[in-house]
Amino acid sequence: MVYAAVYEQPGGLVGGWRDQDQMRTNLQMLRNVVEPLDRPGGALRHVTIMQGGKAYGVHIHPEIAVPARERWPRDAHENFYWLQEDFLRERQAKASSSTGWHFTIMRPRIVFGDAMGSHMNPIPAIGVYAWLRHEQGLPLSYPGGPARVNQAIDADLIAQACAWAAEAPNARNETFNLENGDVFVWQNVWPAIADALGMPVGEPEPQSLGATVPGQQKAWERIVDKYQLAAPRELAAFIGQGATYADFQMNHGKTGPLPPVIMSSVKIRQAGFAACMDTEDMFRKWFGQLQQRRLLPTPAEARA
């Protein structure tokens, strides 16, 4: 079983990560899935759950040591990660030898994919921001704050890692950081993003996507109609809270210089999972996927 669900309170992204009700809800969600499967004579063999950089306190500490390693003791803050992990360990300890199972904890960095309506996928929100500017005759300007060296993970790589962990003895009851294998800076990959979307790069224009993009429902409807897109007409159904999440990841409102956020992926590679991906190629891939699915217009349409 791969458990990749998360409950985020409406409008509570980032700030809600330390909310007690949100923590309890995320724990109960996991319990509701595992408990019916973990029964005498059941077929449960392996559970993989997701954590992330918040395990190291990246959302509350101005700086963390580089690189963050899985062997560190728990960061001293409340987190539903710890509630879920403790539940798995306690539940596993009670399992009989005939129904014994193991688990793996993955800690991916910033996740990128083509999921619609996700609260923690910036790709659709960036695509909408780009096309709102395109329709105004504006270049694609970087909206974020100061530069920070960071890491990303391709959603397909996460899937590959989960498939590996389900069968690999070296993954049993282990925690692994997971990232593409390189580092990136938003400002440095922005030209590749603009090219993938078929737009010229403009001068940086710091602004909050979370404050501006969700309110552009009518403008988005005009884009959907004009280019005959298959994307949802309801903007929130397409981007979720992704615009707010993009603000967080792009350091909106912060002042520099900012320390890097780097998690070591040596442990998972030594354990046997060595897949990797160039992060610039990853951005091109996912915007290309949205275009192929007619969720965003193509670069040819942008340049027409």
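## Terms and model

A residue counts as buried when its relative accessible area is under 20%, as exposed when that area is over 50%, and as partly exposed in between. By that scale Arg 294, at 24%, is partly exposed. The structure described here is a predicted model.

## Overall form

The protein chain holds 12 helices and six strands. Its radius of gyration is 20 Å, close to the 19 Å that the globule rule gives for 304 residues, so the chain is as compact as a globular protein of that length. The C-alpha trace spans about 65 × 40 × 35 Å along its principal axes.

Of the 304 residues, 53% count as buried. The accessible surface comes to about 13,300 Å², and carbon and sulfur atoms account for 52% of that area. When contacts between residues at least 6 apart in sequence are considered, 81% of them join residues at least 24 apart. The chain carries 29 positive and 31 negative charges, and the mean positions of the two sets are 3 Å apart.

## Tyr 3 and Asn 26

Tyr 3 belongs to strand E1, which covers residues 2–3. With a relative accessible area of 7%, Tyr 3 falls under the 20% cut-off and is therefore buried. Leaving aside neighbours within four places in sequence, its contacts are Asn 26, Met 29, Leu 30, Val 33, Thr 48, Ile 49, Met 50 and Gln 84. One of these, Thr 48, is 45 residues away in sequence, yet the two C-alpha atoms are 6.0 Å apart in space. The side chain of Tyr 3 also reaches the backbone nitrogen of Leu 30 at 3.5 Å.

Asn 26 sits in helix H1, residues 20–37. Its relative accessibility is 0%, so Asn 26 counts as buried. Beyond its neighbours within four places in sequence, Asn 26 is in contact with Tyr 3, Val 6, Tyr 7, Phe 80 and Gln 84. Gln 84 thus appears in the contact list of Tyr 3 and in that of Asn 26.

## Asn 177

Asn 177 is part of strand E6, residues 174–178. It is buried, with a relative accessible area of 0%. The side chains of Asn 177 and Tyr 56 are joined by a polar contact of 2.8 Å.

Leaving aside neighbours within four places in sequence, Asn 177 is in contact with Tyr 56, Ala 68, Arg 69, Glu 70, Arg 107, Met 263, Ser 264, Ser 265 and Ile 268. Ile 268 from this list falls within the range of helix H10, given as 266–271.

## Helix H9

Helix H9 runs over residues 242–249 and is mostly covered, with seven of its eight residues buried. The buried residues are Gly 242, Ala 243, Tyr 245, Ala 246, Asp 247, Phe 248 and Gln 249. An α-helix has 3.6 residues a turn, so residues three or four places apart point the same way.

The cover over the buried residues of H9 includes strand E4 (110–112) and helices H3 (122–135), H5 (186–197), H6 (209–212) and H8 (235–239). After H9 comes Asn 251, whose phi is positive, near 65°.

## Backbone exceptions

Most residues other than glycine have a negative phi, and most peptide bonds are trans. Two peptide bonds to proline depart from this. The bond from Val 66 to Pro 67 is cis, with omega near -5°, and Pro 67 is placed in the loop between strand E2 (46–50) and helix H2 (80–94). The bond from Gly 256 to Pro 257 is also cis, with omega near -5°; Pro 257 is in the loop between H9 and helix H10 (266–271).

Positive phi values occur at Gln 228 and Arg 294, neither of which is a glycine. For Gln 228 phi is near 50°, and this residue is found in the loop between helix H7 (217–226) and H8. Gln 228 has a relative accessibility of 68%, so it counts as exposed. For Arg 294 phi is about 60°, and its place is the loop between helix H11 (279–292) and helix H12 (299–303). As stated at the start, Arg 294 is partly exposed at 24%.

How values were computed:
Residues are numbered from 1 along each chain as its sequence is written. This is a predicted model: local features need pLDDT of at least 70, side-chain atom pairs count only at pLDDT 80 or more; totals for chains, interfaces and linings use all residues. Side-chain values use heavy atoms; hydrogens and water are left out. Helices (H or I, at least four residues) and strands (E, at least two) are DSSP runs, numbered from the N terminus. The radius of gyration is taken over C-alpha atoms; the globule rule is 2.2 Å times the number of residues to the power 0.38. Buried means under 20% relative accessible area, exposed over 50%, partly exposed in between (1.4 Å probe, protein chains only). Contact means heavy atoms within 4.5 Å. Accessible areas come from the Shrake-Rupley method with a 1.4 Å probe; for residues, only the protein chains shown count as cover. Lys and Arg count as positive and Asp and Glu as negative; His and the chain ends are not counted. The place of a charge is taken as NZ of Lys, CZ of Arg, CG of Asp or CD of Glu. A polar contact is a pair of N or O atoms within 3.5 Å; within protein, one must be able to donate a hydrogen and the other to accept it, and residues adjacent in sequence count only if both atoms are side-chain atoms.
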